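Q: Could you take a close look at one part of this model for me? I'd like to know what sits around it and how it ties in with the rest.

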Amino acid sequence: MAVTLTEAAAARVQHFLQNRGKGIGLRLGVKTSGCSGMAYVIEFVDDLNQDDKVFEDHGVKLIVDAKSLLYIDGTELDFVKEGLNEGFQFNNPNVSDECGCGESFHV
Amino acid sequence: MALLQISEPGQTQAPHQRRIAVGIDLGTTNSLVASVRSGEANVLTDQDGQAILPSVVRYHSDSVEVGQSALLAAEQDPENTIISAKRFMGRALDDVLKTYPELPYQFAGDSKELARINTVQGAKSAIEISAEILKSLKQRAEHVLVDEVQGAVITVPAYFDDAQRQSTKDAARLAGLNVLRLLNEPTAAAIAYGLDSGSEGQIAVFDLGGGTFDISILRLEKGVFEVLSTGGDSALGGDDFDQVIIDWLKTQHLLPATLSPRLRRVVKEKAKLAKETLSSNEHTHIVIELDDGTQVSAELDKTTYESLIEPLVKRTLIACRRALKDAELKADEIKEVVLVGGSTRVPLVRQRVSEFFDKQPLSSIDPDKVVAIGASIQADILIGNKPDSDMVLLDVIPLSLGLETMGGLCEKIISRNTTIPVAKAQEFTTFKDGQSAMAIHVVQGEREMVQDCRSLARFELHDIPPMAAGAAHIRVTFQVDADGLLSVTAMEKSTGVQSSIQVKPSYGLEEDEILTMLKASVEHAEVDVQARRLAEQRVEAERIIESLGNALAQDKNLLQEAEFNKLAGELEKLAQLAKQDDADAIKQQIEAIDAASQDFAAARMDHSIRKALQGQQVDEI
């Protein structure tokens, strides 16, 4: 079981962590909410929780709690520019259905 | 697929509920918008990659044009193209005409009313014009962030008065923006450099923009920026540096004495380019095509250029000196100098500023963007993306503010959940005869006793003229400004002597702490009521012991020894009761003494009247 990230995403995460001045890595996860069941969590991490799993890719620590990992195993995090907007995107193979806006999903 | 941004730990928002906030630098010449994404503040650009939006609005009969394209049309359509409307914000027409006698606009309405400009779309106020600029920036932000903007922090000059600030808020409302707060421009620049979390001290913000120069001296104390002084020159900026080069070209006999509109624009652009080139090069080559198609060229070196602009730079330093003097500071008492405005890129400006303050100014953030960036950082906090932050900046007062009265009671002046800004006053009086000073203890909290509240500040009012207890009128005013800053002023009304203090009630106050304090006030409501009753009775007891005690000492001869001993005994009993915790017992004893001393009081009254009348003729009365 693992999660990964693209080189572009790794460069941005490292930049944001450096800019923030603290933090050990990036938390990826899910929480139940939103218009279609689940929503992604993407947060800076200062402290690890007990059930956290840590993956390292392109020099970035990706931290996922055990429960979330069931839903996002195999996910590749990407950093995307769309016109003037830019941000992170989960390429999650477990997703069967998304809401129109893509902010929440079903497995 | 929506693109996601990194949140602070535990701050991920549900989809469609993300808290998007922007910072807006609504400038006289240029405006910008910035936002914090993934913890990083950046200015947002338009489709062409431009961050700067010229603060220019052009009215067409059925549409409005904002920014660069409007600026380009200024010459052909001067009446409908409004430049630098910020100068008219909150200003009456006669005031505007007095300050700027040579404006190309046709003004409408009464001279005492807010200035309005006649355009093809009717009379427009500075508020409406600014609203167009804000609308344009809001659209840009929503386009870039692909989400609705929920709130904005808008910056204003430190010297803006209430009317100008209110006008700015009105403009934002017209533009459909929710103003989280107005922020002083120099404060925003200081926040961008993170100075708000740094050590306390004085900060100078040197802001040389396109057309205006502002110097502000701030003091950071307990997490609050206070503006100590402001100064500057409303007609000094980058445009003057360009003009210096144009004038030089004229002295070189390269240009005709009067320039056609086209040539004027070309020369202005070339001069600006030359100025920018000389910021990083030793010399520049200027080529200009005249109206008849012939080309003229000139070589301008840095040394010559710097000698030309030296007088302009000197003017900024004179304003700095004055601002320091107003703040009663010396240059070496300034801890940090922040550079704002595009013209601070000119090397000579930097050099002179660093010589003047004898320290390297902060300049790592783009000086055109630093104000917007600071505003966006503040907006991100205010919209609630950073709960861990020690800044609890709420628009309502989270806990009641009050002061300590006799007996350790807390008298609340401004109750909690009052929206700010707010000012409330209450009158207090002296407790003892001839009392010449009063200690004011400012507290925060919901409990009845001061010991259960949070102490904010203490100060004293001196030079109260000698009066009988209760005769002095001391007006205590609590004022909380839009930034949550509390000023408490105490004034003795007959003489006008006053004393005041400023504190930030939310400083160092965590949200948890507020909740704990609120919970405690509910849980202890019953106990608190009892405590208040007891404290009140004790104060009353003390007052009677004081006044009756004095009377007994003065007019002992009016009483039989038995009567005197009885009253003295009752007073002693009261003093004992006041040390215990039974409010009812104290109350009963006070009533008993009241009854027992009535004859004595009457005897004193007779005595003093007799004394006053003694030795006087009947017809004198």
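A: Let's zoom in on B:Leu290, keeping in mind that this is a predicted model. Setting aside residues up to four places away in sequence, B:Leu290 touches B:Leu254, B:Leu255, B:Pro256, B:Arg262, B:Leu263 and B:Val296. One of those partners, B:Pro256, is 34 residues away in sequence, yet the C-alpha to C-alpha distance is 8.9 Å. As for where B:Leu290 sits, look in the loop that runs between strand 16 (283-289) and strand 17 (295-301) of chain B. Loop or not, B:Leu290 counts as buried because its relative accessible area is 14%, and the cut-off for buried is under 20%. As a general matter, nonpolar side chains in soluble globular proteins tend to be buried together.

Now the wider setting. The largest nonpolar core has 48 residues, and the residues with the most contacts inside it are B:Phe206, B:Ile215, B:Ile217, B:Phe241, B:Leu249, B:Ile288 and B:Phe357. Helix 8 of chain B gives this core its largest share, 9 residues. A separate core of 41 residues lies apart from it, with B:Met89, B:Ile117, B:Ala141 and B:Ala171 among its members.

B:Ile215 is a handy place to see that packing. Leaving out neighbours within four places in sequence, its contacts include B:Ala204, B:Val205 and B:Phe206, along with B:Ala319, B:Cys320 and B:Ala323. B:Phe357 is also in contact with B:Ile215, and that leads to helix 9 of chain B, residues 347-357, where B:Phe357 is one of the buried residues. The others buried there are B:Leu348, B:Val349, B:Arg352, B:Val353, B:Ser354 and B:Phe356. Together, the buried residues of helix 9 pack against strand 13 (201-208), strand 14 (213-221), helix 6 (238-251), helix 8 (302-326) and strand 18 (334-340) of chain B. Just past the end of helix 9, B:Asp358 has a positive phi of about 55 degrees.

Further along chain B there's an open sheet of 4 strands, in the order 20-19-22-23 with antiparallel pairing. Its edges are strand 20 (409-414) and strand 23 (454-461), each of which pairs on one side only. From one strand to the next, the twist averages 30 degrees. Inside that sheet, strand 19 (residues 401-405) and strand 22 (residues 438-444) of chain B pair over 3 bridges, and B:Leu401 has B:Gln444 as its bridge partner in strand 22.

Methods
Residues are numbered from 1 along each chain as its sequence is written. Chains are lettered from A and ligands numbered from 1 in the order in which they are written. This is a predicted model: local features need pLDDT of at least 70, side-chain atom pairs count only at pLDDT 80 or more; totals for chains, interfaces and linings use all residues. Side-chain values use heavy atoms; hydrogens and water are left out. Buried means under 20% relative accessible area, exposed over 50%, partly exposed in between (1.4 Å probe, protein chains only). Helices (H or I, at least four residues) and strands (E, at least two) are DSSP runs, numbered from the N terminus. Contact means heavy atoms within 4.5 Å. A nonpolar core is a set of buried Ala, Val, Leu, Ile, Met, Phe, Trp, Tyr and Cys residues joined through side-chain atoms within 4.5 Å. Two strands pair if DSSP finds at least two bridges between them. Axes are lines fitted to C-alpha atoms, for helices over the stretch in contact, and angles run from 0 to 180 degrees between N-to-C directions.
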